[in-house]
Amino acid sequence: MTTKTLHEACKLLNQHFNHVPIVYGSLCLSHYIENHLGIKDIDLLLPIQMIDEQKEALISIFKNHGFDYIETELLTFRKDNVDVEIARLEDWVSLCNFMLDTSTVHLESCTYKVLSIDDLRRLYVFLHQDQRRNSIKRQKDLLKIELIDNYLLQRSK
């Protein structure tokens, strides 16, 4: 279900907003490693300007295509029990020092980008060190850092 919802969300962003979102978080990690880590949501990055200036249009388009709008800190939509959480790109670039070395994924119906494995590692190091984050999530962040490190080690051989 997660892949189907990802494709639907990206297709809406591609077609209605002429924008290619960046996938990050666990779904992005699954792009690199086999372990799908029980992915429960889809994390997307969009430019602050797009979120601020087109928020109402984003909500309207997503709702018109069967997504529920969930009022949270992030711009969040739900379809088929999968949350699509849209965060502000520039905030995460600043927090994690992303290099934004992305790869583009082209599918039949949509296009999206994925963070580089190095930027993904920067994300999980930041999250793991964030004292406001609950301890269970911080432990999962540590596991993801280990998975990334193992992936990088295997890739370098």
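Student: How do α4 and helix α5 pack, and at what angle?
Tutor: In this predicted model, α4 and helix α5 (residues 117-129) pack at an angle of about 75°, and their axes are 9 Å apart. Angles from 65 to 115 degrees count as roughly perpendicular, and α4 and α5 are therefore roughly perpendicular to each other.

Student: Which residues make the contact?
Tutor: On the α4 side they are W92, L95 and C96, and on the α5 side R122, L123, F126 and L127. By type, the residues of the contact of α4 with α5 divide into 6 nonpolar, no polar and 1 charged.

Student: What about the nonpolar core; which residues touch the most other members?
Tutor: The largest nonpolar core has 51 residues, and L44, W92, L120 and L123 touch the most other members. Two of these names, W92 and L123, also appear in the contact between α4 and α5.

Student: And what is L120 in contact with?
Tutor: Leaving aside neighbours within four places in sequence, L120 is in contact with G25, C28, L29, Y32, L115 and I148.

Student: Back to α4 for a moment. Which strands does helix α4 lie across?
Tutor: Helix α4, residues 89-96, lies across β1 (22-24), β2 (41-46) and β5 (82-88). The helix runs at about 70° to β5.

Student: What is the order of the strands in the sheet?
Tutor: The sheet is open and has 7 strands, in the order β3-β4-β5-β2-β1-β7-β6, with mixed pairing. β3 (68-71) and β6 (103-106) stand at the edges; each has a single partner strand, so one side of each is left without a neighbour in the sheet. Neighbouring strands of this sheet are turned by 35° against each other on average, direction ignored.

Student: How many bridges join β6 to strand β7?
Tutor: There are 4 bridges between β6 and β7 (residues 111-114), and the two strands run antiparallel. As one example, T104 has K113 in β7 as its bridge partner. In general, strands of a sheet pair through backbone hydrogen bonds, either parallel or antiparallel.

Student: New topic: T2. Where is T2 found?
Tutor: T2 is found in helix α1, which covers residues 2-17.

Student: Does T2 count as buried or exposed?
Tutor: T2 counts as buried, because its relative accessibility is 17% and the cut-off for buried is under 20%.

Student: What does T2 touch?
Tutor: Not counting residues up to four places away in sequence, T2 touches L27, I39, I42 and V82. Of these, I42 is 40 residues from T2 along the chain, and the C-alpha atoms of T2 and I42 are separated by 7.3 Å.

Conventions:
Residues numbered from 1 in each chain as written. Predicted model: local features only at pLDDT ≥ 70, side-chain atom pairs only at ≥ 80, totals over all residues. Heavy atoms only, no water. Pairing = 2+ DSSP bridges. Axes fitted to C-alpha atoms, helices over the stretch in contact; angles between N-to-C directions. Contact = heavy atoms within 4.5 Å. Buried < 20%, exposed > 50% of the residue type's maximum accessible area, 1.4 Å probe, protein only. Core = buried A, V, L, I, M, F, W, Y, C linked by side-chain atoms within 4.5 Å. Parallel < 35°, antiparallel > 145°, perpendicular 65-115°, else oblique. Nonpolar A, V, L, I, M, F, W, Y, C, P; charged D, E, K, R; others polar.
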